[in-house]
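Visitor: Could you take me on a close look at one part of this protein, the sheet? I would like to hear how its strands pair and which charged side chains meet there.

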Amino acid sequence: MPRSPGQGSLFERLEPDLPPRRLRTRQDLATERVRAIKTHLELLLNTRRGSSQSCPELGLPDLNDSASGQMDLRNQICLDIRQAVATYEPRVQVIDVQPLITSELPLGLRFRLHCVVPVKDSSEQVEIDLLVDHRQQRINVV
């Protein structure tokens with residue numbers, strides 16, 4: 001049976017506690033789909049470019065290797081995130097990636113991903129926040 005666009009992975013769909021798909025509401029299906037996408041984005045965006053021999057372009061470049069200014073760095077990371085998501089997450093249509101500057105973390109890196117996700121016969125606009133954790137050297141999908 002071919003996989004429907006936007007469904008979760010095989011293991012996510014085999015979850016024994018979930019009710020049958022036909023009994024779930026449109027909202028439940030959308031929540032499941034967004035949760036699966038966030039999980040995949042966290043794996044994708046925490047992969048360093050060049051670490052996969054079979055797919056060397058997978059992931060993001062190392063953020064510590066950049067020598068440009070802070071605004072240039074944010075803009076470059078936005079472009080890298082947009083390219084990685086557009087290439088390796090087919091369930092998402094990327095509209096925009098914006099850097100966010102907050103007063104709590106003026107030097108912190110935070111981004112908002114604006115995208116469209118298909119749900120049943122329509123599309124939902126979704127905003128996903130990405131927070132770069134410098135201590136753990138990883139991107140958290142919020």
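Guide: Strand 1 and strand 2 (residues 110-119) run antiparallel and are joined by seven bridges. One place to find this pairing is Gln93, which stands opposite Val116 in strand 2. Please keep in mind that this is a predicted model.

From strand 2 we can step across to strand 3. These two also run antiparallel, with ten bridges joining them. Here Pro118 has Ser123 in strand 3 as its bridge partner. The two strands make a hairpin with two residues between them, and Lys120 in that hairpin takes a positive phi near 50°.

Next comes the step from strand 3 to strand 4. Their pairing is again antiparallel, over four bridges, and Leu131 stands opposite Asn140 in strand 4. This hairpin has four residues between its strands, and Gln137 in the turn has a positive phi of about 55°.

Put together, the four strands form an open sheet in the order 1-2-3-4, with antiparallel pairing. Strand 1 (93-100) and strand 4 (138-141) are the edge strands, each pairing on one side only. From one strand to the next, the twist averages 25°.

Now to the charged side chains. Arg110 and Asp129 meet in a salt bridge, at 3.9 Å from N to O. This pair links distant parts of the chain, since Arg110 sits in strand 2 and Asp129 in strand 3 (residues 122-133), 19 residues apart. Arg110 has 23% relative accessibility, so it counts as partly exposed. Asp129, in contrast, has a relative accessible area of 13% and is therefore buried, the cut-off for buried being under 20%.

A second salt bridge to look for is the one between Glu127 and Arg112, again 3.9 Å from N to O. Because Glu127 lies in strand 3 and Arg112 in strand 2, this pair ties together parts that are 15 residues apart in sequence. Arg112 has a relative accessible area of 25%, so it is partly exposed. Salt bridges that share partners join Arg110, Arg112, Glu127 and Asp129 into one network.

The count for the model comes to six salt bridges. Among them is the one that Glu57 forms with Arg49, where the closest N and O atoms are 3.9 Å apart. Arg49 has 27% relative accessibility and so counts as partly exposed.

Before we leave strand 2, please go back to Pro118, whose backbone oxygen is reached by the side chain of Arg33 at 2.3 Å. Arg33 belongs to helix 2 (residues 26-45). Arg33 is buried yet has no salt bridge, and the nearest side chain of opposite charge, Glu32, is 7.6 Å away. A salt bridge needs the nitrogen and the carboxyl oxygen within 4 Å, so a partner at that distance does not qualify.

Finally, here is where the sheet belongs in the whole protein. The secondary structure comes to three helices and four strands, and from the N terminus on, the elements run α-α-α-β-β-β-β. Of the 142 residues, 34% count as buried. Among contacts with a separation of 6 or more, 43% come from residues 24 or more positions apart.

Definitions and conventions. Residues numbered from 1 in each chain as written. Predicted model: local features only at pLDDT ≥ 70, side-chain atom pairs only at ≥ 80, totals over all residues. Heavy atoms only, no water. Buried < 20%, exposed > 50% of the residue type's maximum accessible area, 1.4 Å probe, protein only. Lys, Arg positive; Asp, Glu negative; His and termini not counted. Polar contact = N/O pair within 3.5 Å; in protein donor to acceptor, adjacent residues only side chain to side chain. Pairing = 2+ DSSP bridges. Axes fitted to C-alpha atoms, helices over the stretch in contact; angles between N-to-C directions. Contact = heavy atoms within 4.5 Å.
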